[in-house]
Amino acid sequence: MKKYIDTGKKDTRSGFGEGLLRAGRADERVVALTADLKGSLKMDAFAAEFPERFIQCGIAEANMVGAAAGLAIAGKVPFIGSFAEFVTGRVYDQLRQEVAYGNTNVKIASSHAGITLGEDGATHQTMEDIALMRALPGMAVVNPCDYNQTVQATLAAAKYEGPVYLRFGRPSVPNFTDPEEPFQIGKAYVMNEGKDATVFCCGHLVWEALKAAEALEAEGVGVEVVNVATIKPLDEETVLSSARKTGKVLVAEEHNRAGGLGETIASVLAEKQPTKVVFMNGGDRFGQTGTPAELMALYGLDAAHIVETVKSML
Amino acid sequence: MATEKLEKIASQVRRDIVRMVSAAGSGHPGGSMSTTDILTALYFEVMDHNPATWTRAGKGQDQFILSAGHLAPVYYSILSRAGYFPVSELGTLRKLGSRLQGHPSVRRNLPGVTQASGSLGQGVSVAAGLALAKKLDGDKHCVYVLCGDGESEEGQIWEGAEFATHHSLGNLIGITDWNGQQIDGPVESVSGGGDLQLKWQAFGWNTVTADGHDMEAIVTAFGKAKELGKKTHRPTMILFKTDMGHGVDFMAGTHKWHGKAPSAQQCEAALAQLEETLGDY
């Protein structure tokens, strides 16, 4: 199988910070807003280089969404950054009216998504955000897998015409994708080809799926790993073609079962190419306090669980 | 424009509102009629705007955001009478396929509408974003936003208030339709306790108060607000004392006409009190 090398662990939110800085240099319309989380969102470099284009909103997320919509109407390309829960659930009505229905070119930078936020616990660990954002007409939903891909996804979001939900995380994780490969919103990336089963995944689960594929290859099992970095609009062609090829589908994600990547893929398969789908996700549960690795193991979202589940599917 | 001319326009706008809402069988005439004089002054005297070159982005023009989206009837009438779209379209309010949605939409290419509204409390934030963009771009024009006094119970209004002061948005002018009424009754009986003017002052805004049915006072208040903004680099709220349903005796001064359509008979009785000055649509 194709070898992926971890070039050193990095957090995906730092990939966003780097992407934002580069997007800001490339396009003077780019502005960044945060609700008192400049450091957590890694916006410091952008704020230092473009102080006038960095807009501190204080702990007032609802206003931040409206202000960003106003800036976007006036021709700016605003990125609004906060923790995933506070730029989705907390401001759902604002995103719905001002961004989605209002059709404004706002980019939602959503950090600390999922249980890998870790020790802060369930109030901060949203596992429902993808479902909420998917339900908004016209909203692109993107969840890149590592630092390099988050840099590129941020650049792609800045160029994309229309609202984008860009989801990334807090912990340092392996960095393994090509730093030069441009990100395409709407494309699913086949990371490894295999004939026995397909693992569709996104975000932190992509590295885990690749590790699982490596372990299974040693046992003679070929696992196709597809990084569905854009959940909406979904790359249906790639999904259908891989499912057709292997006939065995597992979807792994750091999200609640309701409305996540799993149900997204299942609905396309149900309609166009009925295939049994096995779901690997946070279930219908909240998170809790713990280290990211402890929580991913507890919720069954790691390479070991993928290996076990794929074997049970064969 | 002479005061009498503005008053004539306002009379026609009130006729439009009553006829539109009555024909639609639903809608919000009360607040539309309390803000008619204010919006007439704003669009026909105060704002620097041009329907022929208007865009959502609003560069080089003053901009207006209707935070209280249910005031769509007065908004549509004013926009059409100001030349943004044909007055004949007013009869399509709330009908399937109409550009005149129940609450303003930007998805139907209706000229003059800068942002969708309807879910309350959000317009100050949007207007602040527009005003900040003007500041960043060196555009000296102003952004106006209209809120209701009942609407000011929404927490986001105050998030927006704080943001606008923090970012020194002297080019942002707020308008409160201080009619003292909301759907469930008089504002103070529902929730909005405390002095609204003091609240805005506490958030760092300049405030101006005026009679919202005295055309001369309205125009003067807008002039004062613009001056204050330039001088202090702080946003300004104009609190206009108004009557819900103003202009028709049986509709005035009560919350009962907040969101109720006049029947055909009531419509006729109302129109008898409102002079037709520009020709009905």
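**Interface and overall build of chain A**

In this predicted model, 25 residues of chain A are in contact with 28 residues of chain B. The two chains bury about 2,200 Å² between them. Carbon and sulfur atoms give 53% of that area. Three residues stand out on the chain B side: R107(B), L136(B) and E159(B). Together they supply 24% of the area that chain B buries against chain A. No other three residues supply more.

Chain A itself was examined next. Its secondary structure comprises 11 helices and 14 strands. The radius of gyration of chain A is 18 Å, and the globule rule gives 20 Å for 314 residues. The two values are close, so chain A is as compact as a globular protein of that length. Along the principal axes, the C-alpha atoms of chain A fill a box of roughly 55 × 40 × 35 Å.

Burial and contacts add to this picture. Of the 314 residues in chain A, 64% count as buried. Contacts in chain A were also sorted by sequence separation, starting from residues at least 6 apart. Of these contacts, 79% join residues at least 24 apart.

The surface and charges of chain A complete the description. Chain A exposes about 11,300 Å². Carbon and sulfur atoms supply 50% of this exposed area. Chain A carries 31 positive and 40 negative charges. The mean positions of the two sets of charges lie 2 Å apart.

Terms used:
Residues are numbered from 1 along each chain as its sequence is written. Chains are lettered from A and ligands numbered from 1 in the order in which they are written. This is a predicted model: local features need pLDDT of at least 70, side-chain atom pairs count only at pLDDT 80 or more; totals for chains, interfaces and linings use all residues. Side-chain values use heavy atoms; hydrogens and water are left out. Helices (H or I, at least four residues) and strands (E, at least two) are DSSP runs, numbered from the N terminus. The radius of gyration is taken over C-alpha atoms; the globule rule is 2.2 Å times the number of residues to the power 0.38. Buried means under 20% relative accessible area, exposed over 50%, partly exposed in between (1.4 Å probe, protein chains only). Contact means heavy atoms within 4.5 Å. Accessible areas come from the Shrake-Rupley method with a 1.4 Å probe; for residues, only the protein chains shown count as cover. Lys and Arg count as positive and Asp and Glu as negative; His and the chain ends are not counted. The place of a charge is taken as NZ of Lys, CZ of Arg, CG of Asp or CD of Glu. Buried area is the accessible area (1.4 Å probe) that two parts lose on being put together, summed over both.
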